[in-house]
Amino acid sequence: MIMLFFFLLSLLSQTQSKPILTVTPRTVSKSGDSVLLQWSGIDSPSKLDWLGIYSPPDSSHDNFIGYKFLSSSPTWESGSGSISLPLTSLRSNYSFRIFRWTESEVDPEHHDQDHNPLPGTNHLLAESEGVGFEKGRGPEQIHLALTGREGEMRVMFVAEDPEERQVRYGEKEGEWGDEVAVARAGRYEREDMCHAPANESVGWRDPGWIFDAVMSGLKGGIKYYYQVGSESKGWSTAHSFVSSNTSSNEAIAFLFGDMGTATPYLTFSRTQDESISTIKWILRDIEALGDKPTFVSHIGDISYARGYSWLWDEFFNLIEPVASKVPYHVCIGNHEYDWPSQPWRPEWSNSIYGTDGGGECGVPYSLRFNMPGNSSEPTGTRAPATRNLYYSFDMGPVHFVYMSTETNFLPGSNQYNFLKHDLESVDRTKTPFVVVQGHRPMYTTSYESRDAPLRERMLEHLEPLFVKNNVTLALWGHVHRYERFCPLRNFTCGSMGLKEEGWEALPVHVVIGMAGQDWQPTWEPRPDHPNDPVYPQPKRSLFRTGNHDGEVHDTVEILASGQVINGVDHDIGEVGPVLEGNELGGAGHS
């Protein structure tokens, strides 16, 4: 009897000393809502103790979507603490686990993409109950796009099943009338991915169903309200946009590259905290514009998911406040596409096209967006063809052209033929300004030599097209800074006529990859001092910066004729005064 008493007492003591992890609430209404995670009873707490975030909740220990160290709680040293964590719906429940990870278990070979060791899962201390999302809350990840046809606006969104969804819209909120369009549903599968980690359990998560609908019969320059969803599955909140106006004499756009997304946790891939600021500044400026039509142009390196599919969900959750208000246009970058067996990989490109896409081979990019035109290239696998490669549309007095630097652009290719025909067909009386956009730059003073063979071929084959057809601006990403060049041809500045001398219309190249990703190679050093930390700014590079403060740091104005009328004083190398006239104005948005 006494022995039994001590045995029961020992069991009770063990039960009471086991760490406890709780989560509240157990149900959240929408993406972005937070849960509170609280723990207690952790003996000898360590700075390496960590909280794993799992969705689906039955994922194996190593297949977390993210983690946070318990030391981020101010009271962690007591063995108790709490963390507030916003959740993004992945169309499955979440669970949370606490692990002990010791110094002796740190494995430098098991690391994230920045070579930081990933935490070990050998010692599970506690596990929470599951957390889910309310039913009937309506679709999420809503984003708009122009179709290239007058009187239309595309809307795309994500839901958990393929049951029919619609978009209803009208000029007055809540008064939808008969203006309803049925959305087409589609999805992609794990087997469509081309390489790791996208096709492995560590990177793959169910993407849900992607819906695509077109609102038609729109009047120009009018504010419309809309909702997406269904009566049985629930409707989204009402959103609004201003339709494009073909008779407008101005075009307003927010142009950038390389934004990515931010997460409230660490994960396998680097995320981009500056993306939060970029969206904040754009929302501020959209509000200031009032009811003027505008759009976003994001030229490659979109989410930086790189095979970790939930980062696409995080990205669309981040941009929805903007993308549900204005069209969100994209072109493909290396981090959406590149994989070892991609179809177009000439010998000279071996240093260029690698594994940057994380095995996605353009599939999420191709299905989650639907840009104007019908450009596509086969992947050579069971994956669907890569879409949204090259296209164009007009906005007011500007003809915008998008191209792919990741697929064949050489003479004889479909893309080259498109670019040549498109540029030669522009009606300059209707759209006197032409803006071409792609991901990898034709010009940069970044000290990065890997892409040199690509730039050589862009200069050989594309620059003559741009010059011959009087392209006004050429915008590029990939380099994570802002840099504006003089009007250029073959590395030589053309005269801008600022001192009454003759001038010639040449493209102004601008690198705008400063929206989120912060990794950046150094600027090109002096040729005779490659190891000397002095980086002279070549004459052709008029302005370069990496600011993310939401302020205007550079302004340039270009006449419809192609003459650059301000932007630099050649005597002192500083930004010059803003001049008024029939111009295309551009400022670098962070």
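Both Arg154 and Asp212 are buried, and this pair makes a convenient way into the predicted model described here. The two side chains form a salt bridge, with the closest N and O atoms 2.7 Å apart. Arg154 belongs to strand 11 (residues 153-159) and Asp212 to strand 15 (residues 209-215), so the contact ties together parts that lie 58 residues apart in sequence.

A second salt bridge can be followed between Asp338 and Arg440, whose closest N and O atoms are 2.8 Å apart. Asp338 sits in the loop between helix 4 (334-337) and helix 5 (363-368), while Arg440 sits in the loop between strand 26 (433-438) and helix 7 (452-468), so this pair ties together parts that are 102 residues apart in sequence. Asp338 counts as buried, because its relative accessibility is 0%. Arg440 also has a relative accessibility of 0% and likewise counts as buried. Glu456 offers another case: its salt bridge is with Arg457, and the closest N and O atoms are 3.8 Å apart. With a relative accessible area of 49%, Glu456 is partly exposed. Elsewhere, Glu160, Asp161, Arg165 and Lys233 are joined into one network by salt bridges that share partners. Over the whole structure, the search finds 30 salt bridges.

Turning to the nonpolar interior, the largest core holds 120 residues, and those with the most contacts inside it are Phe96, Val155, Met215, Tyr226, Tyr328 and Phe369. Helix 3 supplies the largest share of this core, with nine residues. There is also a second, separate core of 30 residues, and among its members are Leu410, Leu462, Val479 and Leu488.

Helix 2 is worth a closer look. This helix covers residues 274-289, and at 1.5 Å a residue its 16 residues should span 22 Å; the C-alpha atoms at its ends are 23 Å apart, which agrees with that expectation. The buried residues of helix 2 are Ser275, Ser277, Thr278, Ile279, Trp281, Ile282, Asp285 and Ile286. A general point helps in reading such a list: an α-helix has 3.6 residues a turn, so residues three or four places apart point the same way. The cover over the buried residues of helix 2 includes strand 19 (253-256) and helix 3 (310-323). After helix 2 comes Gly290, which has a positive phi near 70°.

Strand 19 in turn leads to a small set of paired strands. Three strands make up an open sheet, in the order 19-20-21, with parallel pairing. Strand 19 and strand 21 (328-331) occupy the edges and have a single partner strand each, so one side of each is left without a neighbour in the sheet. From one strand to the next, the twist averages 15°. Strand 19 and strand 20 (residues 295-299) run parallel and are joined by four bridges. Within this pairing, Phe254 has Val296 in strand 20 as its bridge partner.

The loop between strand 18 (239-242) and strand 19 contains Asn249. This residue has a relative accessible area of 71% and is therefore exposed, whereas Arg154 and Asp212, the pair introduced at the outset, are buried. Asn249 and Pro340 are separated by 91 residues in sequence and by 46 Å in space, C-alpha to C-alpha.

How values were computed
Residues numbered from 1 in each chain as written. Predicted model: local features only at pLDDT ≥ 70, side-chain atom pairs only at ≥ 80, totals over all residues. Heavy atoms only, no water. Helix = DSSP H or I, 4+ residues; strand = E, 2+ residues; numbered from the N terminus. Expected span 1.5 Å × (residues − 1). Buried < 20%, exposed > 50% of the residue type's maximum accessible area, 1.4 Å probe, protein only. Contact = heavy atoms within 4.5 Å. Pairing = 2+ DSSP bridges. Axes fitted to C-alpha atoms, helices over the stretch in contact; angles between N-to-C directions. Core = buried A, V, L, I, M, F, W, Y, C linked by side-chain atoms within 4.5 Å. Salt bridge = Lys/Arg side-chain N within 4 Å of Asp/Glu carboxyl O.
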